[in-house]
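Q: I should like to learn how to read the features of a model such as this one. Could we take them in turn?

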Amino acid sequence: MGEVKNFNFCGEIITPGTRLDTALPIGSDPMGQSAEIPIQILHGTKTGPIISVIGAIHGDELNGTGIIHHLVYGDDHRPGTSDDHIDPNKLSGTVLLVPVANVDAMMMNSRTSPDGRDLNRVFPGTADGSQTSRLAHAIFTHIVKKSDYLIDLHTAPYTRMNVPQIRADLENSKCKRIARAFGTKVIMNSKGPKGSIRREATKVGVPAILLESGSSHRFEKDAVEGGVKGILNVLAKLKMIEREVEKPNWRILVRKFRWVRSPVGGILHTLVPGGAVVKEGEVIAYVTDPFGARVDDVISPVNGYIVGLATTPLVRPGDPIANIVFVREKKLHEIISKEKMDEGSYDDITEQDIEDDEGSTLDETER
Ligand SMILES: [Zn+2]
(Lines give C-alpha, C1' and ligand atoms only; values in the text may rest on other atoms or scores of the structure.)
Protein backbone atom coordinates (compact mmCIF):
# COMPACT_ATOMS: atom_id res chain seq x y z
CA MET A 1 0.00 0.00 0.00
CA GLY A 2 1.29 3.43 -0.93
CA GLU A 3 1.75 6.43 1.27
CA VAL A 4 -1.54 8.15 2.07
CA LYS A 5 -1.62 11.73 0.84
CA ASN A 6 -3.36 14.68 2.41
CA PHE A 7 -7.02 15.06 1.47
CA ASN A 8 -7.92 18.33 -0.19
CA PHE A 9 -11.50 19.55 0.21
CA CYS A 10 -12.11 22.88 -1.56
CA GLY A 11 -8.63 24.07 -0.56
CA GLU A 12 -8.82 22.75 3.03
CA ILE A 13 -6.11 20.21 3.77
CA ILE A 14 -6.86 17.18 5.95
CA THR A 15 -3.82 15.18 6.96
CA PRO A 16 -3.97 11.36 7.29
CA GLY A 17 -5.42 10.13 10.59
CA THR A 18 -7.32 13.34 11.36
CA ARG A 19 -10.84 14.68 11.35
CA LEU A 20 -11.89 18.14 10.21
CA ASP A 21 -15.14 20.02 10.75
CA THR A 22 -15.53 22.36 7.82
CA ALA A 23 -18.20 23.70 5.48
CA LEU A 24 -19.06 23.84 1.82
CA PRO A 25 -19.80 27.47 0.82
CA ILE A 26 -23.05 27.87 -1.13
CA GLY A 27 -23.33 31.63 -1.62
CA SER A 28 -25.12 34.01 0.70
CA ASP A 29 -28.42 34.20 2.60
CA PRO A 30 -31.03 37.04 2.46
CA MET A 31 -29.09 38.96 5.14
CA GLY A 32 -26.00 38.84 2.97
CA GLN A 33 -24.25 36.44 5.32
CA SER A 34 -22.31 33.61 3.75
CA ALA A 35 -24.32 30.40 3.56
CA GLU A 36 -22.70 27.01 3.90
CA ILE A 37 -23.32 23.31 4.43
CA PRO A 38 -21.55 21.76 7.43
CA ILE A 39 -19.33 18.87 6.45
CA GLN A 40 -17.08 16.65 8.50
CA ILE A 41 -14.22 14.77 6.91
CA LEU A 42 -12.46 11.78 8.42
CA HIS A 43 -9.29 10.95 6.53
CA GLY A 44 -7.69 7.59 7.20
CA THR A 45 -4.09 6.53 7.52
CA LYS A 46 -4.46 3.75 4.96
CA THR A 47 -5.59 3.89 1.36
CA GLY A 48 -9.20 3.08 0.63
CA PRO A 49 -12.34 4.42 -1.00
CA ILE A 50 -13.98 7.80 -0.42
CA ILE A 51 -17.53 7.44 0.81
CA SER A 52 -20.04 10.23 1.41
CA VAL A 53 -22.96 9.96 3.80
CA ILE A 54 -25.62 12.64 3.37
CA GLY A 55 -28.53 13.50 5.67
CA ALA A 56 -31.48 15.89 5.43
CA ILE A 57 -31.59 16.44 1.69
CA HIS A 58 -35.22 16.75 2.75
CA GLY A 59 -35.06 19.29 5.55
CA ASP A 60 -37.70 17.68 7.79
CA GLU A 61 -36.18 14.18 7.67
CA LEU A 62 -34.06 14.29 10.78
CA ASN A 63 -33.13 10.67 11.44
CA GLY A 64 -30.27 10.91 8.92
CA THR A 65 -28.80 13.82 10.86
CA GLY A 66 -29.13 11.79 14.08
CA ILE A 67 -27.49 8.81 12.40
CA ILE A 68 -24.46 10.88 11.38
CA HIS A 69 -24.16 12.42 14.87
CA HIS A 70 -24.18 8.99 16.52
CA LEU A 71 -21.92 7.50 13.88
CA VAL A 72 -19.15 9.93 14.73
CA TYR A 73 -19.50 10.59 18.45
CA GLY A 74 -21.54 7.65 19.74
CA ASP A 75 -24.52 7.85 22.05
CA ASP A 76 -22.86 10.35 24.43
CA HIS A 77 -22.24 12.92 21.65
CA ARG A 78 -18.82 13.59 23.19
CA PRO A 79 -15.90 13.68 20.73
CA GLY A 80 -12.97 11.46 21.55
CA THR A 81 -14.69 8.99 23.90
CA SER A 82 -14.69 5.20 23.68
CA ASP A 83 -18.10 4.99 21.98
CA ASP A 84 -16.93 6.94 18.92
CA HIS A 85 -17.41 4.58 15.99
CA ILE A 86 -14.74 5.69 13.52
CA ASP A 87 -11.13 6.38 14.44
CA PRO A 88 -9.38 8.18 11.54
CA ASN A 89 -6.12 6.56 12.71
CA LYS A 90 -7.55 3.12 11.96
CA LEU A 91 -9.52 4.12 8.88
CA SER A 92 -8.70 3.05 5.33
CA GLY A 93 -9.93 5.72 2.95
CA THR A 94 -11.98 8.83 3.60
CA VAL A 95 -15.47 9.47 4.97
CA LEU A 96 -17.31 12.69 4.07
CA LEU A 97 -20.25 13.34 6.37
CA VAL A 98 -22.96 15.87 5.57
CA PRO A 99 -25.36 15.93 8.54
CA VAL A 100 -27.62 18.57 6.96
CA ALA A 101 -27.60 18.96 3.19
CA ASN A 102 -30.52 21.36 2.96
CA VAL A 103 -29.89 23.76 5.83
CA ASP A 104 -32.55 26.31 4.80
CA ALA A 105 -35.21 23.60 4.48
CA MET A 106 -34.34 22.21 7.91
CA MET A 107 -34.57 25.65 9.49
CA MET A 108 -38.08 25.98 8.04
CA ASN A 109 -39.03 22.46 9.26
CA SER A 110 -39.73 21.74 5.63
CA ARG A 111 -39.04 18.97 3.12
CA THR A 112 -38.38 21.54 0.39
CA SER A 113 -36.14 24.57 -0.03
CA PRO A 114 -37.33 28.18 0.52
CA ASP A 115 -38.11 28.38 -3.23
CA GLY A 116 -40.49 25.41 -2.84
CA ARG A 117 -38.33 23.03 -4.86
CA ASP A 118 -37.44 19.49 -3.85
CA LEU A 119 -33.64 19.25 -3.71
CA ASN A 120 -33.83 15.53 -4.42
CA ARG A 121 -35.38 16.14 -7.85
CA VAL A 122 -32.89 18.64 -9.28
CA PHE A 123 -29.54 16.81 -9.17
CA PRO A 124 -26.99 17.24 -10.68
CA GLY A 125 -28.10 20.89 -10.62
CA THR A 126 -26.64 23.87 -12.46
CA ALA A 127 -24.32 26.67 -11.33
CA ASP A 128 -26.62 29.40 -12.66
CA GLY A 129 -30.00 27.73 -12.04
CA SER A 130 -32.59 28.20 -9.29
CA GLN A 131 -31.62 28.49 -5.64
CA THR A 132 -32.21 24.76 -5.15
CA SER A 133 -30.48 23.81 -8.39
CA ARG A 134 -27.36 25.74 -7.32
CA LEU A 135 -27.38 23.93 -3.98
CA ALA A 136 -27.64 20.60 -5.82
CA HIS A 137 -24.80 21.64 -8.11
CA ALA A 138 -22.51 22.51 -5.18
CA ILE A 139 -23.22 19.18 -3.46
CA PHE A 140 -22.86 17.22 -6.68
CA THR A 141 -19.62 18.92 -7.74
CA HIS A 142 -17.77 19.02 -4.42
CA ILE A 143 -19.11 15.96 -2.61
CA VAL A 144 -20.74 13.42 -4.93
CA LYS A 145 -18.19 13.57 -7.74
CA LYS A 146 -15.32 13.36 -5.24
CA SER A 147 -16.72 10.10 -3.85
CA ASP A 148 -16.45 6.45 -4.78
CA TYR A 149 -19.68 5.56 -2.95
CA LEU A 150 -22.67 7.43 -1.57
CA ILE A 151 -25.24 6.75 1.14
CA ASP A 152 -28.28 9.05 1.23
CA LEU A 153 -30.39 9.05 4.42
CA HIS A 154 -34.17 9.62 4.41
CA THR A 155 -37.40 9.03 6.31
CA ALA A 156 -41.04 8.75 5.29
CA PRO A 157 -43.02 12.01 5.00
CA TYR A 158 -44.69 13.17 8.24
CA THR A 159 -47.97 11.32 7.70
CA ARG A 160 -46.24 7.94 7.38
CA MET A 161 -43.44 5.73 8.68
CA ASN A 162 -41.11 3.49 6.74
CA VAL A 163 -39.75 0.20 8.05
CA PRO A 164 -35.95 0.38 7.59
CA GLN A 165 -35.27 -0.34 3.95
CA ILE A 166 -32.48 0.25 1.50
CA ARG A 167 -33.44 1.48 -1.95
CA ALA A 168 -30.93 0.80 -4.67
CA ASP A 169 -30.55 -0.14 -8.31
CA LEU A 170 -30.18 -3.91 -7.93
CA GLU A 171 -29.10 -4.24 -11.57
CA ASN A 172 -25.94 -2.34 -10.64
CA SER A 173 -23.62 -4.85 -8.93
CA LYS A 174 -21.77 -2.24 -6.85
CA CYS A 175 -25.02 -0.72 -5.59
CA LYS A 176 -26.33 -4.20 -4.83
CA ARG A 177 -23.17 -5.12 -2.93
CA ILE A 178 -23.33 -2.18 -0.52
CA ALA A 179 -27.14 -2.39 -0.35
CA ARG A 180 -26.86 -5.93 1.01
CA ALA A 181 -23.95 -5.08 3.27
CA PHE A 182 -26.03 -2.34 4.95
CA GLY A 183 -28.12 -5.12 6.44
CA THR A 184 -31.79 -4.10 6.35
CA LYS A 185 -34.32 -6.91 6.02
CA VAL A 186 -35.94 -5.17 3.08
CA ILE A 187 -34.17 -3.93 -0.05
CA MET A 188 -36.32 -2.19 -2.64
CA ASN A 189 -35.14 -2.25 -6.22
CA SER A 190 -35.26 1.26 -7.62
CA LYS A 191 -33.06 3.54 -9.65
CA GLY A 192 -34.75 6.48 -7.92
CA PRO A 193 -36.71 9.28 -9.54
CA LYS A 194 -35.10 11.50 -12.15
CA GLY A 195 -33.03 14.20 -10.47
CA SER A 196 -32.60 12.23 -7.23
CA ILE A 197 -29.06 12.14 -5.87
CA ARG A 198 -28.83 8.36 -5.96
CA ARG A 199 -29.96 8.03 -9.55
CA GLU A 200 -27.71 10.83 -10.82
CA ALA A 201 -24.70 9.75 -8.71
CA THR A 202 -24.98 6.14 -9.88
CA LYS A 203 -25.27 7.43 -13.46
CA VAL A 204 -21.91 9.24 -13.21
CA GLY A 205 -20.23 6.16 -11.72
CA VAL A 206 -20.70 6.74 -7.99
CA PRO A 207 -22.74 3.76 -6.74
CA ALA A 208 -25.38 5.13 -4.38
CA ILE A 209 -27.91 3.64 -1.99
CA LEU A 210 -30.69 5.27 -0.01
CA LEU A 211 -31.88 4.41 3.48
CA GLU A 212 -35.54 5.00 4.31
CA SER A 213 -36.18 4.64 8.02
CA GLY A 214 -38.88 5.93 10.34
CA SER A 215 -40.77 9.22 10.23
CA SER A 216 -39.92 12.87 9.70
CA HIS A 217 -39.54 15.69 12.25
CA ARG A 218 -37.93 13.62 15.00
CA PHE A 219 -35.02 11.49 16.08
CA GLU A 220 -36.10 7.88 16.46
CA LYS A 221 -33.80 5.64 18.45
CA ASP A 222 -34.34 2.48 16.38
CA ALA A 223 -33.86 4.31 13.10
CA VAL A 224 -30.70 6.00 14.37
CA GLU A 225 -29.19 2.78 15.76
CA GLY A 226 -30.07 0.81 12.63
CA GLY A 227 -28.61 3.54 10.44
CA VAL A 228 -25.32 3.65 12.36
CA LYS A 229 -25.02 -0.14 12.21
CA GLY A 230 -25.78 -0.14 8.49
CA ILE A 231 -23.16 2.47 7.63
CA LEU A 232 -20.55 0.63 9.72
CA ASN A 233 -21.51 -2.56 7.86
CA VAL A 234 -20.90 -0.84 4.53
CA LEU A 235 -17.55 0.57 5.73
CA ALA A 236 -16.60 -2.95 6.87
CA LYS A 237 -17.65 -4.47 3.55
CA LEU A 238 -15.45 -1.91 1.75
CA LYS A 239 -12.61 -2.82 4.13
CA MET A 240 -12.44 0.75 5.43
CA ILE A 241 -12.81 -0.36 9.05
CA GLU A 242 -12.22 -3.67 10.78
CA ARG A 243 -15.55 -5.12 11.76
CA GLU A 244 -17.78 -8.09 11.02
CA VAL A 245 -20.54 -7.29 8.56
CA GLU A 246 -23.70 -7.99 10.58
CA LYS A 247 -26.45 -9.65 8.57
CA PRO A 248 -30.18 -9.71 9.26
CA ASN A 249 -31.67 -13.18 9.84
CA TRP A 250 -33.85 -12.92 6.76
CA ARG A 251 -33.94 -10.63 3.79
CA ILE A 252 -36.15 -9.88 0.83
CA LEU A 253 -35.17 -8.08 -2.35
CA VAL A 254 -38.34 -6.40 -3.52
CA ARG A 255 -39.00 -5.51 -7.12
CA LYS A 256 -42.72 -4.66 -6.85
CA PHE A 257 -45.15 -3.96 -4.05
CA ARG A 258 -48.70 -2.74 -3.40
CA TRP A 259 -49.89 0.53 -1.92
CA VAL A 260 -53.16 -0.08 -0.11
CA ARG A 261 -55.24 3.09 -0.15
CA SER A 262 -58.12 4.33 1.95
CA PRO A 263 -61.48 3.50 0.33
CA VAL A 264 -63.17 6.49 1.98
CA GLY A 265 -62.42 9.71 3.81
CA GLY A 266 -62.58 9.70 7.60
CA ILE A 267 -60.60 8.93 10.73
CA LEU A 268 -58.10 6.10 10.38
CA HIS A 269 -57.40 3.46 13.01
CA THR A 270 -54.56 1.11 12.13
CA LEU A 271 -54.62 -2.42 13.57
CA VAL A 272 -51.08 -3.51 12.72
CA PRO A 273 -47.65 -1.93 13.17
CA GLY A 274 -45.08 -1.30 10.47
CA GLY A 275 -43.08 -4.49 9.96
CA ALA A 276 -46.15 -6.70 10.51
CA VAL A 277 -46.72 -9.86 8.52
CA VAL A 278 -50.26 -9.78 7.10
CA LYS A 279 -52.50 -12.33 5.40
CA GLU A 280 -54.53 -11.83 2.26
CA GLY A 281 -57.98 -10.52 3.27
CA GLU A 282 -56.80 -9.38 6.70
CA VAL A 283 -58.27 -6.14 7.99
CA ILE A 284 -55.25 -3.93 8.63
CA ALA A 285 -57.08 -0.70 9.45
CA TYR A 286 -60.55 0.80 9.51
CA VAL A 287 -62.00 4.23 8.96
CA THR A 288 -64.65 5.88 11.13
CA ASP A 289 -67.01 8.80 10.69
CA PRO A 290 -66.54 11.95 12.83
CA PHE A 291 -68.52 10.31 15.67
CA GLY A 292 -66.14 7.33 15.73
CA ALA A 293 -68.47 4.79 14.11
CA ARG A 294 -66.73 2.35 11.78
CA VAL A 295 -67.66 2.96 8.15
CA ASP A 296 -65.17 0.94 6.12
CA ASP A 297 -62.25 -1.47 6.41
CA VAL A 298 -58.83 -1.39 4.79
CA ILE A 299 -57.94 -4.89 3.67
CA SER A 300 -54.64 -6.41 2.64
CA PRO A 301 -54.92 -7.67 -0.95
CA VAL A 302 -51.99 -10.07 -0.51
CA ASN A 303 -49.99 -12.18 1.92
CA GLY A 304 -47.19 -9.82 2.73
CA TYR A 305 -44.97 -7.72 4.91
CA ILE A 306 -45.77 -4.09 5.74
CA VAL A 307 -42.84 -1.83 4.82
CA GLY A 308 -44.63 1.51 5.15
CA LEU A 309 -47.65 2.66 7.16
CA ALA A 310 -49.81 5.76 7.69
CA THR A 311 -49.23 7.32 11.11
CA THR A 312 -51.74 10.19 11.12
CA PRO A 313 -55.49 9.64 11.39
CA LEU A 314 -57.07 12.01 8.86
CA VAL A 315 -57.55 10.36 5.50
CA ARG A 316 -59.21 11.14 2.21
CA PRO A 317 -60.23 8.53 -0.36
CA GLY A 318 -57.06 7.26 -2.07
CA ASP A 319 -54.64 8.25 0.66
CA PRO A 320 -51.90 5.64 1.11
CA ILE A 321 -52.43 3.53 4.24
CA ALA A 322 -49.92 0.71 3.92
CA ASN A 323 -47.12 -0.24 1.59
CA ILE A 324 -47.21 -4.02 1.45
CA VAL A 325 -44.63 -6.31 -0.05
CA PHE A 326 -46.17 -9.44 -1.47
CA VAL A 327 -44.64 -12.58 0.04
CA ARG A 328 -45.44 -16.21 -0.92
CA GLU A 329 -47.11 -18.14 1.87
CA LYS A 330 -44.23 -20.53 2.51
CA LYS A 331 -41.79 -17.64 2.84
CA LEU A 332 -44.26 -15.81 5.07
CA HIS A 333 -44.13 -18.63 7.64
CA GLU A 334 -40.37 -18.53 7.51
CA ILE A 335 -40.35 -14.79 8.18
CA ILE A 336 -42.75 -15.24 11.11
CA SER A 337 -40.58 -17.93 12.70
CA LYS A 338 -37.34 -16.04 12.08
CA GLU A 339 -38.84 -12.86 13.54
CA LYS A 340 -39.29 -14.79 16.80
CA MET A 341 -35.64 -15.81 16.83
CA ASP A 342 -32.91 -13.68 18.30
CA GLU A 343 -31.28 -11.14 16.06
CA GLY A 344 -27.83 -12.43 15.35
CA SER A 345 -28.86 -16.00 14.62
CA TYR A 346 -28.18 -15.32 11.00
CA ASP A 347 -25.95 -18.23 10.04
CA ASP A 348 -28.56 -19.41 7.57
CA ILE A 349 -29.76 -16.07 6.26
CA THR A 350 -32.46 -16.66 3.70
CA GLU A 351 -32.81 -14.16 0.95
CA GLN A 352 -35.62 -14.04 -1.55
CA ASP A 353 -36.05 -11.98 -4.64
CA ILE A 354 -39.71 -10.97 -4.76
CA GLU A 355 -41.49 -10.05 -7.96
CA ASP A 356 -45.17 -9.20 -7.62
CA ASP A 357 -46.82 -9.45 -11.04
CA GLU A 358 -49.57 -7.04 -10.14
CA GLY A 359 -47.52 -4.67 -8.02
CA SER A 360 -45.99 -1.39 -9.03
CA THR A 361 -42.37 -0.33 -8.93
CA LEU A 362 -41.04 2.40 -6.74
CA ASP A 363 -39.87 4.47 -9.67
CA GLU A 364 -43.45 4.60 -10.98
CA THR A 365 -44.95 5.73 -7.71
CA GLU A 366 -42.28 7.63 -5.84
CA ARG A 367 -43.25 11.26 -5.65
ZN1 LIG B 1 -36.58 12.09 1.81
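A: Certainly, beginning with the conventions. This is a predicted model, in which local features need pLDDT of at least 70, side-chain atom pairs count only at pLDDT 80 or more, and totals for chains, interfaces and linings use all residues. Residues are numbered from 1 along each chain as its sequence is written.

Q: Is Ile-209 buried or exposed?

A: A residue is buried if 20 or more other C-beta atoms, placed from the backbone, lie within 10 Å of its own, exposed if 12 or fewer, and partly exposed in between. Ile-209 has 30 other C-beta atoms within 10 Å and is therefore buried.

Q: In which strand does Ile-209 lie, and which residues does Ile-209 touch?

A: Strands (E, at least two residues) and helices (H or I, at least four) are DSSP runs, numbered from the N terminus. Ile-209 belongs to strand β10, residues 208-214. Two residues are in contact if their C-beta atoms, placed from the backbone, lie within 7 Å. Leaving aside residues up to four places away in sequence, Ile-209 touches several residues, among them Ile-151, Ile-166, Cys-175 and Phe-182.

Q: Which elements cover the buried residues of α6?

A: The cover includes β10, together with β5 (46-55), α1 (63-73), β7 (149-154), β8 (160-168) and α4 (173-182). Among the buried residues of α6 are Ala-223, Val-228 and Leu-235.

Q: What span should helix α6 have?

A: The expected span of a helix is 1.5 Å times one less than its number of residues. Helix α6 (residues 221-237) has 17 residues, so a span of 24 Å is expected, and its end C-alpha atoms are indeed 24 Å apart. After α6 comes Lys-239, with a positive phi near 60°.

Q: In what sense do β13 and β15 pair?

A: Two strands pair if DSSP finds at least two bridges between them. Strand β13 (residues 266-270) and strand β15 (residues 283-288) pair in the antiparallel sense over four bridges, and His-269 has Tyr-286 in β15 as its bridge partner. β13 also pairs in the antiparallel sense with strand β18 (residues 314-315), over two bridges; there, Gly-266 stands opposite Val-315.

Q: Which domains are assigned, and how many residues from each take part in the contact?

A: Domain bounds come from an automatic or database domain assignment. That assignment gives domain 1 (7-246) and domain 2 (256-343). The contact takes nine residues from domain 1 and 11 residues from domain 2. On the domain 1 side, β8 supplies the largest share, five residues.
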